[in-house]
Amino acid sequence: MKTIIRALLVWLVLLVLVNPAASVIEDDSAYTDYATPGTIPPIEVQQGSIATSRISITNHGNLCYDASLIVQDLPPGITVSPVESQIIDAGKTAEYQITIHASDNASVGAYMVRIADNIANDPNTWQSVELSVTTPPPPPTQAPTTRVTPIARAIPTRPTGPTGEEVAGWGGMDVSIVVRVIAIIGVAVGIAAVLWRRR
């Protein structure tokens, strides 16, 4: 009887120890891929600059995974900053941002690069994305400045005679007019004096 009880106790202990371990073991036949990246839009980067892109990873498994990204087939002169790892819960989606650096002499053209998660024992379903490397636009040219020559105003001159000599006058008046006015005044004064004496 004691032998049977001991055997039952040993069986119960083994059952308790084995069941939790079995609960965390995934059946490889149940999933073709634990996590997959979503559709990635085309990426464009200019020589000597950086570009960013957001990528989503969806966990199709029944466990949490600590996942980052793997990028392959980068063209010459292109590097990617390390992507920080994230915990992705079962059935959840995580967002990642990648930063692409292009050197000044990066090869210009269109390329296909591959991106996948780095989960251990995961088939790494690769997602292809188009990466275009372009030349930067030329710097804007400044419009030439037009030099404006100031126009000097005419300097007022005094009246001149027929031979070109300067003629003096009253307030810039013609001398001939001044002489005529004086003559008329003198005649008028003379006539007035004669008439006054005859009285």
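**Exercise 1. A patch on the surface**

Task: Find the residues that form a nonpolar patch on the surface, and place Val189 within the fold.

Solution.
Step 1. Ile177, Val181, Ile185 and Val189 form this nonpolar surface patch. Together they have about 340 Å² of accessible area.
Step 2. Take Val189. It sits in helix α2, which covers residues 175–198.
Step 3. Check its exposure. The relative accessible area of Val189 is 54%. The cut-off for exposed is over 50%. Val189 therefore counts as exposed.

**Exercise 2. How far to trust the model**

Task: This is a predicted model. State its mean pLDDT, and say where confidence is lowest and where it is highest.

Solution.
Step 1. Start with the whole protein. The mean pLDDT is 77. Of the residues, 68% reach 70 or more.
Step 2. Go to the extremes. Helix α1, residues 2–23, has the lowest confidence, with a mean of 49. Strand β2 has the highest, at 96.
Step 3. Look at residues 13–31. Their pLDDT is below 50. Beyond near neighbours in sequence, this stretch makes eleven contacts in the model.

**Exercise 3. The fold in outline**

Task: Count the helices and strands, and give their order from the N terminus.

Solution.
Step 1. Count. There are two helices and ten strands.
Step 2. Read from the N terminus. The order is α-β-β-β-β-β-β-β-β-β-β-α.
Step 3. Ask how much is buried. Of the 199 residues, 23% are buried.
Step 4. Turn to the outside. The accessible surface is about 14800 Å². Carbon and sulfur atoms hold 61% of that surface.
Step 5. Check the contacts with a separation of 6 or more. Residues 24 or more positions apart account for 64% of them.

**Exercise 4. The largest nonpolar core**

Task: Which residues of the largest nonpolar core touch the most other members, and which strand supplies the largest share?

Solution.
Step 1. The core has 26 residues. Those touching the most other members are Ile43, Val45, Leu69, Ile78, Tyr96, Ile98 and Ile115.
Step 2. Find the suppliers. Strands β2 (43–46), β3 (50–59), β4 (65–67), β8 (93–102), β9 (109–117) and β10 (127–134) each give at least two residues to this core.
Step 3. Pick out the main one. β8 gives five residues, the largest share.
Step 4. Follow Tyr96. Leave out residues up to four places away in sequence. Tyr96 then touches Ser53, Arg54, Ile55, Ile57, Ala67, Ser68, Leu69, Val83, Glu84, Gln86 and Ile88.

**Exercise 5. A salt bridge across the chain**

Task: How many salt bridges does the structure hold, and which side chains meet?

Solution.
Step 1. The structure holds one salt bridge.
Step 2. Name the partners. The side chains of Asp73 and Arg114 meet, at 3.3 Å from N to O.
Step 3. Place them. Asp73 is in the loop between β5 (69–72) and β6 (78–80), and Arg114 is in strand β9. They are 41 residues apart, so the pair links distant parts of the chain.
Step 4. Check exposure. Asp73 is partly exposed at 46% relative accessible area. Arg114 is also partly exposed, at 27%.
Step 5. Look at Val113, which also lies in strand β9. Val113 is buried, with a relative accessible area of 4%. Its C-alpha atom is 5.0 Å from that of Asp73, though the two are 40 residues apart along the chain.
Step 6. List some contacts of Val113. Among them are Gln72, Asp73, Leu74 and Pro75, and also Gln127 and Val129.

**Exercise 6. Cys64 and Asp117**

Task: Is Cys64 buried or partly exposed? Is Asp117 buried or exposed?

Solution.
Step 1. Cys64 lies in the loop between β3 and β4. Its relative accessible area is 49%, so Cys64 is partly exposed.
Step 2. Asp117 lies in strand β9. Its relative accessible area is 0%, so Asp117 is buried.
Step 3. Find a distant partner for each. Cys64 and Ile87 are 23 residues apart along the chain, with C-alpha atoms separated by 6.6 Å. Asp117 and Ala35 are 82 residues apart in sequence, yet 7.1 Å apart in space, C-alpha to C-alpha.
Step 4. Add contacts, leaving aside neighbours within four places in sequence. Cys64 meets Asn59, Ile87, Ile88, Asp89 and Ala90. Asp117 meets Ala35, Thr36, Ile57, Ser68, Ile70, Asp122 and Asn124.

How values were computed: Residues numbered from 1 in each chain as written. Predicted model: local features only at pLDDT ≥ 70, side-chain atom pairs only at ≥ 80, totals over all residues. Heavy atoms only, no water. Core = buried A, V, L, I, M, F, W, Y, C linked by side-chain atoms within 4.5 Å. Buried < 20%, exposed > 50% of the residue type's maximum accessible area, 1.4 Å probe, protein only. Helix = DSSP H or I, 4+ residues; strand = E, 2+ residues; numbered from the N terminus. Contact = heavy atoms within 4.5 Å. Patch = residues over 30% accessible without salt bridge, like charges linked within 9 Å, V, L, I, M, F, W, Y side chains within 5 Å. Areas by Shrake-Rupley, 256 points an atom, 1.4 Å probe, with all protein chains shown as cover. Salt bridge = Lys/Arg side-chain N within 4 Å of Asp/Glu carboxyl O. pLDDT = per-residue confidence, 0-100.
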